[in-house]
Amino acid sequence: RMEAKDGSMGFDFGGVYDEVKTNAKIRYTMDDDRKVSILFKEENGKTRVTETFEAEGENSVEMQRDGWQAILDNFKKYAEAKGK
């Protein structure tokens, strides 16, 4: 389950990994059959993470994009803190 820190919204999240290539990509299918692809690319000693997802029909694409971006931003903070 994924939820906002303040508990204002949340959703169940599950799926099956379709492809995992260490340090390169992760592809998975969510429980509702939508596909997600995450690519990792080294750029100047840092890692660029590009995530592509199939949007669902209940919420606007912009809202979904902002939500996924917030998750990536939190992951960035976590990863950078662990690297220190």
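**Exercise 1. Which element gives the largest share of the lining of the largest pocket?**

Before we start, note that this is a predicted model, where local features need pLDDT of at least 70, side-chain atom pairs count only at pLDDT 80 or more, and totals for chains, interfaces and linings use all residues. Residues are numbered from 1 along each chain as its sequence is written, and side-chain values use heavy atoms, with hydrogens and water left out.

*Step 1.* Take the definition: on a 1 Å grid over the protein atoms alone, a pocket is an open set of points where a 1.4 Å probe fits, with protein on both sides within 12 Å along at least five of seven lines, and lining residues have an atom within 4 Å of a point.

*Step 2.* The largest pocket has a volume of about 1200 Å³ (the space filled by probe spheres set on the points, which are joined across faces, edges and corners). Its lining counts 36 residues, and those closest to the centre are Met 2, Phe 11, Phe 13, Trp 68 and Ile 71.

*Step 3.* Two or more lining residues come from each of β1 (2–3), β2 (10–11), β3, β4, β5, β6 and α1 (61–82). Helices (H or I, at least four residues) and strands (E, at least two) are DSSP runs, numbered from the N terminus.

*Step 4.* The answer is α1, which provides 10 residues, the largest share.

**Exercise 2. Trace the pairing from β3 to β6, with the turns.**

*Step 1.* Strands pair if DSSP finds at least two bridges between them. For β3 (residues 15–21) and β4 (residues 25–30) there are six, in the antiparallel sense, with Glu 19 opposite Arg 27. Three residues separate the two strands of this hairpin, and Asn 23 in its turn has a positive phi of about 60°.

*Step 2.* Next, β4 runs antiparallel to β5 (residues 35–43), joined by five bridges; here Thr 29 is partnered by Lys 35. This hairpin has four residues between its strands, among them Asp 33 with a positive phi near 75°.

*Step 3.* Finally, eight bridges link β5 and β6 in the antiparallel sense, with Leu 39 partnered by Thr 50. Their hairpin leaves two residues between the strands, and Asn 44 in the turn shows a positive phi of about 55°.

**Exercise 3. Find the members of the largest nonpolar core and follow Phe 53 outward.**

*Step 1.* A nonpolar core is a set of buried Ala, Val, Leu, Ile, Met, Phe, Trp, Tyr and Cys residues joined through side-chain atoms within 4.5 Å.

*Step 2.* The six members are Tyr 28, Met 30, Val 36, Ile 38, Phe 53 and Trp 68. Both β4 and β5 supply at least two of them.

*Step 3.* Setting aside neighbours within four places in sequence, Phe 53 is in contact (heavy atoms within 4.5 Å) with Lys 35, Val 36, Gln 64, Arg 65 and Trp 68.

**Exercise 4. Is Arg 34 buried or exposed?**

*Step 1.* Buried means under 20% relative accessible area, exposed over 50%, and partly exposed in between (1.4 Å probe, protein chains only).

*Step 2.* Arg 34, in the loop between β4 and β5, has a relative accessible area of 15%, so Arg 34 is buried.

*Step 3.* Beyond neighbours within four places in sequence, Arg 34 is in contact with Tyr 28, Thr 29, Glu 54, Ala 55, Glu 56 and Gln 64.

*Step 4.* For comparison, try Val 49 in strand β6 (residues 46–53): at 28% relative accessibility, Val 49 counts as partly exposed.
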